Every structure is written in C-alpha cells, then in structure tokens.
Amino acid sequence: MKRFTIVLMTFVLASAGLRQASAGDREWATAGKVLTGVVAGAVIANALEPRPACVYTPTYAYAPAYSYAPPPPPVVYAPAPTVVYAPAPVVYAPAPVVVYSPPPVVYAPAPVVVYRPAYCPPPLLSIHFGFGGHQHRHGHR
C-alpha cells in the first residue's frame, strides 16, 4: 500500500506543472510527454520494489555405478563362396554394310527486296529583305 501511495503522489506532483492539451496543439509532443510519464512511473515503481531473496539450494547428482563384464566372444565369419565364371563364346560376324545416300537438296527462294520510295519534300526558299519600316517578302515552296 505504501508503494501505491508513493507512486500516486509522484504522478500527482509530476503532473501538477503540466498544462492541459487541446486538439491540434502539437499532438505528438503531448503523446511523448504522456509516454515519458508512464516510463518514469514504471522506473520509480521498480526502484521502490523490495529485492527478491535469493534462495539457492544445490542439487547433487551422482554417477551410476560401473560394473565390469568379460569381453564378448569373437565373431567368426563363414568363408565367402568361390564364384567361377565360364568364358563367353567368341562369335565372328561380318561387318555391317552401310549405304550412304546424301540428303536431298532444297533451294530457298531468291530474296525479295520490298521498300517504299523515298519522299523528299521540295525545298522551302524564303528571301527577306527590307530597310526602314517597310519589308518586302518573297517565298514559295
């Protein structure tokens, strides 16, 4: 109960100097102040908590008892059977006859060049001359 009272009094004293926030008045700054107050309250509450008493009771484990036994008897393997392969009979055959025929010749059609005739617009000739406030122009396409 003492701790709750101390934390409550700390919050009351800390919030006494704060002004009231209104909508649109630097909301993020107000939110930061509120979060800072919450963190400060948690730190003060943890500082006032009594430390837990450490009780350490060691646990002992003992190794199992060893027993000695005679070694196992040796393993005797049966000999592998002897395998005898009979030689394969030799057969002589004449070489196969290969007849070569060239592949058929296929001719591609001659290439066709398709193009659009070039378009050259007639040159534009324009002559400007003048003096004073009067100008005379000749131009044609």
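**Exercise 1. Determine which residues leucine 48 is in contact with, leaving aside its neighbours within four places in sequence.**

Solution. Contact requires heavy atoms within 4.5 Å. Once its neighbours within four places in sequence are set aside, leucine 48 is in contact with Arg3 and Ile6. The model is predicted, so local features need pLDDT of at least 70 and side-chain atom pairs count only at pLDDT 80 or more, while totals for chains, interfaces and linings use all residues. Residues are numbered from 1 along each chain as its sequence is written, and side-chain values use heavy atoms, with hydrogens and water left out. Next, take the separation from arginine 3: the two residues are 45 residues apart along the chain, and their C-alpha atoms are separated by 6.9 Å.

**Exercise 2. State where leucine 48 lies and whether it is buried or exposed.**

Solution. Leucine 48 lies in helix 2; a helix is a DSSP run of H or I with at least four residues, a strand a run of E with at least two, and both are numbered from the N terminus. Buried means under 20% relative accessible area, exposed over 50%, and partly exposed in between, with a 1.4 Å probe and protein chains only. Leucine 48 has 39% relative accessibility and therefore counts as partly exposed.

**Exercise 3. Place leucine 8 and classify its accessibility.**

Solution. Leucine 8 belongs to helix 1 (residues 2–16). Because its relative accessibility is 44%, leucine 8 counts as partly exposed.

**Exercise 4. Describe the order of the elements and the extent of burial in the protein chain.**

Solution. The chain has two helices and two strands, which run α-α-β-β from the N terminus on. Of its 141 residues, 3% are buried.

**Exercise 5. Identify where confidence is lowest and where it is highest.**

Solution. The predictor's confidence in each residue is pLDDT, from 0 to 100. The protein chain averages 77, and 82% of the residues score at least 70. Confidence is lowest in strand 2 (residues 134–140), at a mean of 56, and highest in helix 2 (residues 27–48), at 87.
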